[in-house]
Each structure stands twice: as structure tokens, then as C-alpha cells.
Amino acid sequence: MQKNWYAVYTRPHCEKKIAATLSKKKIENFCPLNYTKVKFQKRSKILQKPLFGSYVFVYITQNEVSYVKQVDGVINLLYWKGMPAIIKEDEIKAIKEFTNNHQDIKLEQAQVNLNDVAYIIEGPSFSTPDNFFALKTKIVKVHLPSLGYNMIAKREEESIFSGELNILQNNSFVHSQ
């Protein structure tokens, strides 16, 4: 049976704990983390929080769904039209790439449309069939149609002007100058 990515709905603030439990049970999972800088009086500290509150992504077959639901702290899977919602592999790759390269990521709700294609907001951009990457001044956006979110981050100036930019294009990475 084919494995797919699913979004598991968890109890609030239990995402990392559930991801660790799933890993111990040898279930492939992904809990995207967002690193944010917070200032405390005279010093700053980097906090690590789950990007999607109350969600952990799992890579399982349809038969393993009931097993995952039995994990302590898991409420249910995310459903779409009465069936567990399948998250596209390209979107998981885009989330992994985005969280590896950016911090202080913001989420913005967007309309859920599984057949959505990339669209141009404005300014220079590049896209894959299902994801949209927009470069507008110092803002980077990725559209995740099956999750109904846009990920937004400010890019670091040195990553664009003094190095190479990794672009996800046709399921492969292209380096541009």
C-alpha cells in the first residue's frame, strides 16, 4: 500500500512530544520548527516553536492511520471531504526547505484548494506546479494549497546578494546567482 503524508491534529503544545513518540515507534514524521528571536531585558534568546500549532506530519499508509490515532496526545487526523487529507510531497519538501533557510516565519491563512496552481502576487517570483515562491523586496512567500496557508519570512540580505539562492523547480534544486 502507498505511503502518503498526513497532518495529525494534536493537543495544544504537545507537537514536539508527539513527534518524539512517533519517532520511537518508528513512524516517519515531521514537526516543522520556527526559530524566533525574543529579547529579554538586555539579552536576546532564540526560541524554537512548532510552525503549525497542534499539527505534526506523518508519512504512513492508510492502514496505519488507526495506529497513529492511538498515540497519546493525538486527537485525530486532518480531514478533507470526509477522508484523511493527503499532504503533497512537494509541499512537505517546500516546508522543510523553507524552515531550514528562514527563521521568524509567519503563517497566513489562504483558501484550501487541492487543485490550486501557482499564482503571482507581485514582484519577481518563481514557482513549482503546486507552490509559489515570491521574492518581493525582503519578503519570501510560499503558498501551500492543500494546507490552506502561506508561509512568509523576511530573507537575510547576505543570502540573496552574496551567495547562491536555492530554487525548487521541477522537483530538483537549481542554483542561481
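Modeller: Before we start, a contact here means heavy atoms within 4.5 Å. Keep in mind that this is a predicted model.

Colleague: Okay, so what share of the contacts between residues at least 6 apart in sequence join residues at least 24 apart?

Modeller: In the protein chain that share is 63%. The chain holds four helices and 16 strands.

Colleague: And how much of the chain is buried?

Modeller: Buried means under 20% relative accessible area. Here, 41% of the 177 residues fall in that class. As for the accessible surface, the chain has about 10800 Å², with 50% of that belonging to carbon and sulfur atoms.

Colleague: Let's take one helix. Which residues of α1 are buried?

Modeller: Helix α1 covers residues 15-24, and its buried residues are E15, I18, A19 and L22. Look down the axis of α1 and these buried residues fall within an arc of 105°, so they line one face of the helix.

Colleague: What does the face turned away from the buried side carry?

Modeller: There you'll find K17 and K24, both exposed. A little further on, α1 is followed by K26, which has a positive phi, near 60°.

Colleague: Which elements do the buried residues of α1 pack against?

Modeller: Quite a list: the strands β1 (4-10), β2 (29-30), β4 (43-50), β5 (55-60) and β6 (74-77), along with helix α2 (65-69).

Colleague: How far does α3 reach from its first C-alpha to its last?

Modeller: Helix α3 (residues 89-101) has 13 residues and spans 19 Å, close to the 18 Å expected at 1.5 Å a residue. Its buried residues include I92, I95 and F98, and D90 and E91 are also among them.

Note on methods
Residues numbered from 1 in each chain as written. Predicted model: local features only at pLDDT ≥ 70, side-chain atom pairs only at ≥ 80, totals over all residues. Heavy atoms only, no water. Helix = DSSP H or I, 4+ residues; strand = E, 2+ residues; numbered from the N terminus. Buried < 20%, exposed > 50% of the residue type's maximum accessible area, 1.4 Å probe, protein only. Areas by Shrake-Rupley, 256 points an atom, 1.4 Å probe, with all protein chains shown as cover. Arc of directions from axis to C-beta. Expected span 1.5 Å × (residues − 1).
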